[in-house]
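Biologist: Could you take me through this model before I go back to the bench? I would like the overall picture and then the details.

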Amino acid sequence: MDIEVLRRLLERELSSEELTEIDEEFYRDLASFRKALELNAERYEERGEDIEKRLYLAQLSLVQSIAREILKIRLHKIVDMAFEGVPKNLVGDEKKIFAVLSAFINGEPISIETTEVEVKEEKVESKTPSGFLELYLLKSDIPRIIDENLNEYGPFKAGDLVTLPRSIGNVLVKREVAEKITIRI
């Protein structure tokens, strides 16, 4: 895994209406790549080599940006597939997301397994741990929302899978208008 592989995957996802076929281990490899960049940056920081540390941190930032875009595109395509009812080229947790969305669309009960990571995230109000993405599956239409910093979100339709600040997401979950989904990327 390297930045060029991610860049090519992003280009393929952008140029195709269907999910691009990826290796079953893609998300695990991506997490390992990110961790390696983090460890290298820490190692150079400990040795006092600031330039090398900043290079690794810049690479890590680029990897996270590309991975986020790939994930956004893939999630959008998964939502489309759920409406069509035909899964194709899904890997890992994408299959679970498809199943949850399909159940929601078809009015079936939704069972979302709570993982140990999700429990830890509830206790900690900091950012989502590296390698995880919090999404919210909306159960009903929601008008435009404005957060405490006057940033606007929405409006959203029932069935949308969205990323929101944790403060807003938690309120929607408590009001039972959204389900929180945590994805390992």
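Modeller: What follows goes from the whole chain to one helix and then to some backbone details. This is a predicted model, in which local features need pLDDT of at least 70 and side-chain atom pairs count only at pLDDT 80 or more, while totals for chains, interfaces and linings use all residues. Residues are numbered from 1 along each chain as its sequence is written, and side-chain values use heavy atoms, with hydrogens and water left out.

Biologist: How many helices and strands are there in the chain?

Modeller: The chain has six helices and five strands; these are DSSP runs numbered from the N terminus, with helices being H or I of at least four residues and strands being E of at least two. Along the sequence the pattern is α-α-α-α-α-β-β-β-β-α-β.

Biologist: And what share of the residues is buried?

Modeller: Of the 185 residues, 38% are buried, that is, under 20% relative accessible area with a 1.4 Å probe and protein chains only; exposed is over 50%, and partly exposed is in between.

Biologist: Turning to α1, which residues are buried there?

Modeller: L6, L9, L10 and E13 are buried in α1. They lie on the same side of α1 because they cover an arc of only 105° around the axis, the arc being that of the directions from the helix axis to the C-beta atoms.

Biologist: What covers them?

Modeller: The cover of the buried residues of α1 includes α2 (26–46) and α3 (50–84).

Biologist: Which residue caps the N-terminal end of α1?

Modeller: That is D2, with a side-chain oxygen 3.1 Å from the backbone nitrogen of E4.

Biologist: A change of topic: where is the cis peptide bond?

Modeller: The cis bond joins G154 and P155, with omega at about 5°. P155 is in the loop between β3 (152–153) and β4 (161–162). Most peptide bonds are trans, and most residues other than glycine have a negative phi.

Biologist: What is the phi of N89, and where does N89 lie?

Modeller: N89 is not a glycine, yet its phi is positive, about 65°. N89 is in the loop between α3 and α4 (93–105), and is partly exposed at a relative accessible area of 24%.

Biologist: What about E176: buried or exposed?

Modeller: E176 counts as exposed, at 61% relative accessibility. Its phi is also positive, near 60°, and E176 sits in the loop between α6 (166–174) and β5 (178–184).

Conventions: Contact means heavy atoms within 4.5 Å. A polar contact is a pair of N or O atoms within 3.5 Å; within protein, one must be able to donate a hydrogen and the other to accept it, and residues adjacent in sequence count only if both atoms are side-chain atoms.
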